[in-house]
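User: Please take a close look at the side-chain contacts of this model, the cysteines and the aromatic rings above all, and walk me through them in one connected account.

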Amino acid sequence: MNDRPAVLYLRFRRIGGGPPDHAAYEGLLALLGSFTPVVEAAPPAAALADVGGALRYFGQDAAGLASVIRVRALALHGVDCAIGAAVNPLLARMAAQQAAPGTTFVVNPGEHERFLASRPAAALDGVGAATARTLCGYGLDSVGRIAAAPLATLQRITGVRTGRELWERANGIDRTRVVPNAAARSVAAERTFPRDELDPGRHRRALLSLTEELGARLRGDGQVCRSLAVSVRYADRTGYATLTRSRTLREPTAHSAELTSLAYRIQDSFALQRARVRGIGLRAEGLHAAEHASHQLTFDPVDERARRIEEVSDRLRARFGPQAVKPGRLAA
C-alpha cells in the first residue's frame with residue numbers, strides 16, 4: 001500500500017438537498033481537474049480523483065486538500081461535498097459512505113482492517129443483496145468475517161473469481177486505478193421528497209420522471225443499458241432504511257417505455273404501499289454503445305409509434321431544453 005492516502009472519492013450535494021444539475025456537475029469535474037488530471041467521473045453526483053501529485057504540489061495531506069476542494073465547490077457551485085480519502089478507490093468509496101456532508105473521512109494506511117471489520121457484508125463494494133444473503137447464510141455477515149474466511153471457502157460459496165474478489169476487497173486490496181475520463185459503466189439519478197411522502201401516486205410519478213431522464217440521457221449519449229436498479233429510502237422504526245433491487249431488461253435498451261415498465265415492476269416488488277418514502281433512486285447498469293445493440297422487431301403498432309414519438313421528442317429537447325417535452329402524467 002502507498003505511504004499515505006492519495007485517492008479521494010467525493011459525493012456532491014446541493015445546498016438545500018438533491019444532486020447537482022448537469023452543468024454544475026461538469027463544473028465540479030473541471031474544478032477537480034484544476035488540482036489533478038487524474039479524475040474519473042461517477043455521475044450523477046460523485047467522482048474519484050488521484051491527488052498524489054497535488055499533495056506534493058500544495059504541501060497538504062489528503063484531509064487538507066479535501067478542505068480546499070470543498071470550500072471552492074461551495075463558493076463556486078453551491079455544492080457541498082462528503083469526501084472519503086484512502087490509498088485506493090475501494091477504501092475511498094467506502095470511507096465516503098461514512099463521511100457526513102461537509103466532512104472528510106480518512107482511512108490511513110494500517111487502519112483499513114479496523115475500519116472494515118465491523119461493516120456489514122452488504123456494505124462491501126460490489127456485494128449486492130443476493131450475494132450478501134448467501135454470505136450471511138454461512139455466518140459471513142461482516143466484512144471482518146469475510147476477510148478471516150479461507151479463500152477456498154469463499155470460492156466454494158460464491159465461485160472461483162467472485163470468491164477471490166470478495167477476499168481481496170474484504171482485506172482492503174483493490175487492484176483498480178483511477179482512470180481519467182473513464183466511460184461510465186452506469187448512470188443514476190434520484191428524486192428526494194421535501195418530507196416523508198405517503199402517496200403511492202407521487203412515488204410513481206417520481207419513478208416515471210427518473211426513467212424519462214435516464215432514457216433521454218442514454219439516447220443522447222448513444223448508449224443502452226442491460227439492467228435497472230431501483231432504490232427506495234423510507235422511514236422505519238429506527239430512522240431510515242434503503243431497499244435496492246435490480247433486474248435485467250429483456251434486451252439492452254434506452255427506450256423510456258421499456259425502462260418505465262421494468263422500474264414499475266421492481267417498485268411493486270418492494271410491497272411498500274404504506275411506506276413513508278423520502279427518496280427514490282434509479283440506476284441504469286451495464287452500459288454499452290447503442291450501435292452494437294440489437295432490437296427485436298415486433299408488429300406492435302403501439303410500440304413502434306411510441307419509438308417514433310420518442311425520436312421527435314428527443315430532437316425537441318435537444319433544441320429547446322430538457323423540459324420542452326414530457327409525458328402528460330408529469331405535466332399535470
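Analyst: In this predicted model, a search of the whole structure turns up zero disulfides. As for individual cysteines, Cys136 counts as partly exposed because its relative accessibility is 40%, whereas Cys225, at 0%, counts as buried.

Turning to the rings, the same kind of search over the whole structure finds four aromatic pairs. One of them joins Phe35 and Phe58, whose ring centres are 5.4 Å apart and whose planes make an angle of 40°, a tilted arrangement. Phe35 belongs to the loop between α1 (22-33) and β2 (39-42) while Phe58 belongs to helix α2 (residues 52-58), so this pair ties together parts that are 23 residues apart in sequence. Phe35 is buried, with a relative accessible area of 8%, but Phe58, at 34% relative accessibility, is partly exposed.

Another tilted pair is made by Phe105 and Phe115, with 5.5 Å from centre to centre and 40° between the planes; this pair links strand β5 (residues 104-106), which holds Phe105, to helix α5 (residues 112-117), which holds Phe115, across ten residues. Here Phe105 is partly exposed at 29% relative accessibility, and Phe115 is buried with a relative accessible area of 11%.

Returning to Phe35 and Phe58, these two residues form one aromatic cluster together with Tyr57. A ring also takes part in a contact with a charged side chain, since Arg204 lies over the face of Tyr264, at 4.0 Å from the ring centre.

Methods: Residues numbered from 1 in each chain as written. Predicted model: local features only at pLDDT ≥ 70, side-chain atom pairs only at ≥ 80, totals over all residues. Heavy atoms only, no water. Disulfide = S-S within 2.5 Å. Buried < 20%, exposed > 50% of the residue type's maximum accessible area, 1.4 Å probe, protein only. Phe/Tyr/Trp six-rings, centres within 6.5 Å; stacked < 30°, edge-to-face > 60°. Helix = DSSP H or I, 4+ residues; strand = E, 2+ residues; numbered from the N terminus. Lys NZ or Arg CZ within 6 Å of the ring centre and 35° of its normal.
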